[in-house]
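Colleague: Please take a close look at one part of this model, the place where aromatic rings pair up. I would like the geometry, the burial and the setting in the chain as a whole.

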Amino acid sequence: MPEGHTLHRLARLHHKRLAGGVVRVSSPQGKFAAGAARVDGHLLTRAEAWGKHLLHHYDSGLVVHVHLGLYGKFTESELPMGEPIGQVRMRMLGAPDGQPGFGTDLRGPTACEVLLAPEVSALTDRLGPDPLRRGADRDRAWQRINRSRRPIGALLMDQQVVAGVGNVYRAEVLFRQGISPHRPGAQLACEEWQAIWADLVDLMKVGVRRGKIVVVRPEDDHGAPAYAKDKPRTYVYRRAGDPCRLCGTTVLHSVLDARNLFWCPACQAR
């Protein structure tokens with residue numbers, strides 16, 4: 001599932017290329033036809049991301065909410081676009097003043113819906129602070145973490161605690177901070193949480209800028225290749241059975257709350 005940096009990167013792209021102009025919205029697949037008709041021909045005022053949620057705001061007050069889920073993806077193209085290929089849930093076309101024509105197709109999202117302002121507020125109110133949003137309150141997350149006996153590895157993936165963190169950032173930030181994913185939140189020191197948050201902010205900003213998750217420090221970026229082609233190296237994510245890049249201990253794997261968990265038992269001792 002795309003992590004928060006991907007949605008913020010999409011929001012910046014859509015805001016830059018479509019906001020400030022009238023957007024033509026359609027649903028070639030048909031599943032979003034009624035929703036597309038409600039915003040088609042309206043001015044897109046802004047695009048923003050909250051955690052793993054993308055929001056397109058229109059001058060009518062309506063908002064299109066997209067959650068990519070496991071399979072959702074946007075593809076972009078200059079205008080004119082060709083005929084839709086595959087199951088395109090939503091197509092957006094626009095050419096704001098001074099901008100070349102731009103189009104984007106959305107396929108396979110978990111959610112693509114039109115919301116009213118109160119529904120948007122209800123959505124964002126139930127999300128935890130997003131490390132990529134200006135003014136995000138890290139202490140609000142800390143209040144929940146400090147009272148919880150759940151493992152910090154589970155809390156970081158709970159979007160009501162911290163919005164936008166996925167499996168890669170969860171595994172890697174805990175390794176970088178030397179914290180076991182199994183340690184209960186209530187056993188975390190406030191200073192440790194502050195360090196985790198600061199690291200997430202820095203790492204996710206790099207993700208927005210570069211379009212990929214870069215977590216290995218330059219001095220450690222050598223040795224065994226990444227877990228997949230064209231992916232940057234990781235410390236522990238998808239490296240179960242391999243030696244830790246720092247200490248050589250075998251990286252372990254388990255399942256926590258139905259998600260794969262990776263850690264080094266030496267560098268992240270309980």
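Modeller: Tyr227 has 24% relative accessibility and therefore counts as partly exposed; the classes are buried under 20% relative accessible area, exposed over 50% and partly exposed in between, with a 1.4 Å probe and protein chains only. This is a predicted model, in which local features need pLDDT of at least 70 and side-chain atom pairs count only at pLDDT 80 or more, while totals for chains, interfaces and linings use all residues. Residues are numbered from 1 along each chain as its sequence is written, and side-chain values use heavy atoms, with hydrogens and water left out.

A search of the whole structure gives 4 aromatic pairs. Rings of Phe, Tyr and Trp (its six-membered ring) pair if their centres lie within 6.5 Å; planes under 30 degrees apart count as stacked, over 60 as edge-to-face and the rest as tilted. One of the pairs is Tyr227 with Tyr237, edge-to-face, at 5.2 Å centre to centre and 80° between the planes. Both Tyr227 and Tyr237 sit in the loop between helix 7 (190–210) and strand 9, 10 residues apart. Helices (H or I, at least four residues) and strands (E, at least two) are DSSP runs numbered from the N terminus.

Tyr237, at 14% relative accessibility, counts as buried. Its ring also pairs with that of Phe262: the centres are 5.5 Å apart and the planes stand at 75°, so this pair is edge-to-face as well. Because Tyr237 lies in the loop between helix 7 and strand 9 and Phe262 in strand 10, the pair ties together parts 25 residues apart in sequence. Phe262 is buried, as is Tyr237. Ring pairs thus join Tyr227, Tyr237 and Phe262 in a cluster.

Strand 10 (259–263) is preceded by a loop that follows strand 9 (252–256), and Ala258 lies in that loop. Ala258 counts as exposed because its relative accessibility is 70%. The C-alpha atoms of Ala258 and Ala154 are 10.0 Å apart, with their positions 104 residues apart along the chain.

As for the whole, the chain has 7 helices and 10 strands. Buried residues are 50% of its 270 residues. Of the contacts (heavy atoms within 4.5 Å) with a separation of 6 or more, 60% join residues 24 or more positions apart. The C-alpha trace spans about 55 × 40 × 30 Å along its principal axes.
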